[in-house]
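Visitor: I am new to this structure and would love a close look at one part of it. Could you pick a sheet and walk me through how it is put together and what lies against it?

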Amino acid sequence: MSFNDFSIQLKALLKSLGPGKGVAFLSLIAGTIIGFVFLMTWTEKPDFRYLYSNLDLEDASAIIEKLKEQKIEYQIASNGSSILVPEEKMHEIRLEMASNGLPQGGSVGFEVFNNTKLGMTEFVQNVNYQRALQGELSRTINRFKEIESSRVHIAMSKKSLFVDKEEPATASVVLKLRQGRWLNDNQIQGIVHLVSSSVPRLKPEGVTVVDSSGKMLAGFNDKSTAGKISSDQLEYQEKLEKSMENRVKTMLEKA
């Protein structure tokens, strides 16, 4: 049957149905065609799932750049802090991003030295080392399940020709705790000693820890157990003082 024959038969059918039924018949045909097209489009569209959520802008930008390089479809949600990808590729993409060190939690670690350029000055190397150390400490602190994110700021010790004039290092840690979570004294003290033991010439009393609301958890003049000498250190000090006392008594008795 040719197109002309089909159009003639269609016109004859519409005339036999009358104006009202003809319009309804055409509407039914148009709706069927639109529904069929929509169904075909919907079945071909991939099902998107969250790849990552609550990302820092630095991480989101780096991940999107990688997705563009690999020509992978993606969607952005939550004002750019969440990225969605096709469900069938989600796990593969996560493995690929992990091999590239993403996401980094908004911090730069020792991978900053992967692309070291010749001719880099000592000052730039020191700055990169400080950035890398701050980033690695932040990543380690973020492993605490109570902590959503953290930032570490280090003021490195200034060298001097005279040892007694060298300024000690200091550090501050800002923690963003998860909703309804908090850190106990042992965890805070663990963070203090983690930071102090990772930085040269940094003593535990030189580390300040605050949360995102500005509450000081540990630091100078800290009255909590996190800022005091640990119980093991106190016990050792008491034993040492007792031993010294016994020795003095023995010497006096002999005299």
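Guide: Here is a walk through one sheet, with a short look at the whole chain at the end. Please keep in mind that this is a predicted model.

Let's begin with the sheet itself. It is an open sheet of 3 strands, arranged in the order 1-3-2, and the pairing is antiparallel. Strand 1 (48-52) and strand 2 (75-77) are the edge strands, each pairing on one side only. From one strand to the next, the twist averages 40°.

Now look at how strand 1 meets strand 3, which covers residues 82-86: the two pair in the antiparallel sense over 4 bridges. For a landmark, find Phe48, which stands opposite Pro86 in strand 3.

Next come the helices that pack on this sheet. Helix 2, residues 57-69, touches strand 1, strand 2 and strand 3. The direction of helix 2 makes about 20° with that of strand 3. Helix 3, residues 90-99, also packs on the sheet, touching strand 1 and strand 3. Its direction makes about 20° with that of strand 1.

Finally, let's step back to the surroundings. The chain has 6 helices and 7 strands, and along the sequence they follow the pattern α-β-α-β-β-α-α-β-β-α-β-β-α. Of the 255 residues in the chain, 26% are buried. If you take the contacts between residues at least 6 apart in sequence, 57% of them join residues at least 24 apart. As for the surface, the chain exposes about 18600 Å², with carbon and sulfur atoms supplying 57% of that area.

Methods. Residues numbered from 1 in each chain as written. Predicted model: local features only at pLDDT ≥ 70, side-chain atom pairs only at ≥ 80, totals over all residues. Heavy atoms only, no water. Pairing = 2+ DSSP bridges. Axes fitted to C-alpha atoms, helices over the stretch in contact; angles between N-to-C directions. Contact = heavy atoms within 4.5 Å. Buried < 20%, exposed > 50% of the residue type's maximum accessible area, 1.4 Å probe, protein only. Areas by Shrake-Rupley, 256 points an atom, 1.4 Å probe, with all protein chains shown as cover.
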